[in-house]
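Here are my comments on the model you sent over. Have it open in your viewer while you read.

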Amino acid sequence: MKLKMTSQTERDSNKMILVCAIGLFESIKSNLLTINECEQFLFSPYTTSILEKKGLDKKVIEIIEFAWELEDIESLRPERLDDNIDILINKAKECLKNIEY
């Protein structure tokens, strides 16, 4: 099954990705999804390359790129995982607030 999302503007695309990222981060923290599952949905180099080609905001792309590191943090410093997720959630929320209307 393929799922395709569309938006009319770059602003809407940035918002959609940020909202999805925040939801995935919260799902990891709540043990509803694994980091591996979230990598299949959004947090992967492949997805990032698509977002770059589509011209999404560099700050949005950086948040997704930082999410790639969550698996390493989970395996090497599991006690820091929630703190790092919180940092990413806050960055995503701040970015969402700053998207111009």
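The points below go through the core, the helix packing, the cysteines and a few single residues.

1. Ground rules. This is a predicted model, so to speak on probation: local features need pLDDT of at least 70, side-chain atom pairs count only at pLDDT 80 or more, and totals for chains, interfaces and linings use all residues. Residues are numbered from 1 along each chain as its sequence is written, and side-chain values use heavy atoms, with hydrogens and water left out.

2. The core. The largest nonpolar core has 27 residues. By nonpolar core I mean a set of buried Ala, Val, Leu, Ile, Met, Phe, Trp, Tyr and Cys residues joined through side-chain atoms within 4.5 Å; buried is under 20% relative accessible area, exposed over 50%, and partly exposed in between, with a 1.4 Å probe and protein chains only. Phe25, Phe43 and Leu70 have the most contacts inside this core. At least two core residues come from each of H1 (10-29), H2 (35-41), H4 (58-67), H5 (70-76) and H6 (81-97), and H1 gives the most, with seven. Helices here are DSSP runs (H or I, at least four residues), as strands are (E, at least two), numbered from the N terminus.

3. Phe43 up close. What does Phe43 touch, not counting residues up to four places away in sequence? Its partners are Ala21, Leu24, Phe25, Ile28, Cys38, Ile64, Ala67 and Trp68, where contact means heavy atoms within 4.5 Å.

4. H1 against H4. The axes of these two helices come within 10 Å and cross at roughly 25°. Axes are lines fitted to C-alpha atoms, for helices over the stretch in contact, and angles run from 0 to 180 degrees between N-to-C directions. H1 and H4 are therefore roughly parallel; the classes are under 35 degrees for roughly parallel, over 145 for roughly antiparallel, 65 to 115 for roughly perpendicular, and oblique for the rest. Asn14, Ile17, Leu18, Ala21 and Phe25 of H1 meet Val60, Ile63, Ile64 and Ala67 of H4.

5. H4 against H6. Here the angle is about 165°, with the axes 10 Å apart, so H4 and H6 count as roughly antiparallel. On the H4 side the contact is made by Lys59, Val60, Ile63, Phe66 and Ala67, and on the H6 side by Leu88, Lys91, Ala92 and Cys95.

6. Cysteines. How many disulfides does the structure hold? Zero, taking a disulfide as a pair of cysteine sulfur atoms within 2.5 Å. For Cys38, the nearest cysteine sulfur is that of Cys20, 11 Å away. The sulfur of Cys95 is 14 Å from the closest one, also in Cys20, which is too far for a bond. Cys38 is buried at 0% relative accessibility, and Cys95 is buried at 12%.

7. Asn31. Worth a look in the Ramachandran plot: Asn31 has a positive phi of about 60° although it is not a glycine. Asn31 sits in the loop between H1 and H2 and is exposed, at 70% relative accessibility.

8. Two more residues. Ser13, in helix H1, is buried with a relative accessible area of 17%, and touches Ser7 and Leu56, leaving aside residues up to four places away in sequence. Glu94 lies in H6 and is partly exposed at 39%. The C-alpha atoms of Glu94 and Leu18 are separated by 10.0 Å, with their positions 76 residues apart along the chain.
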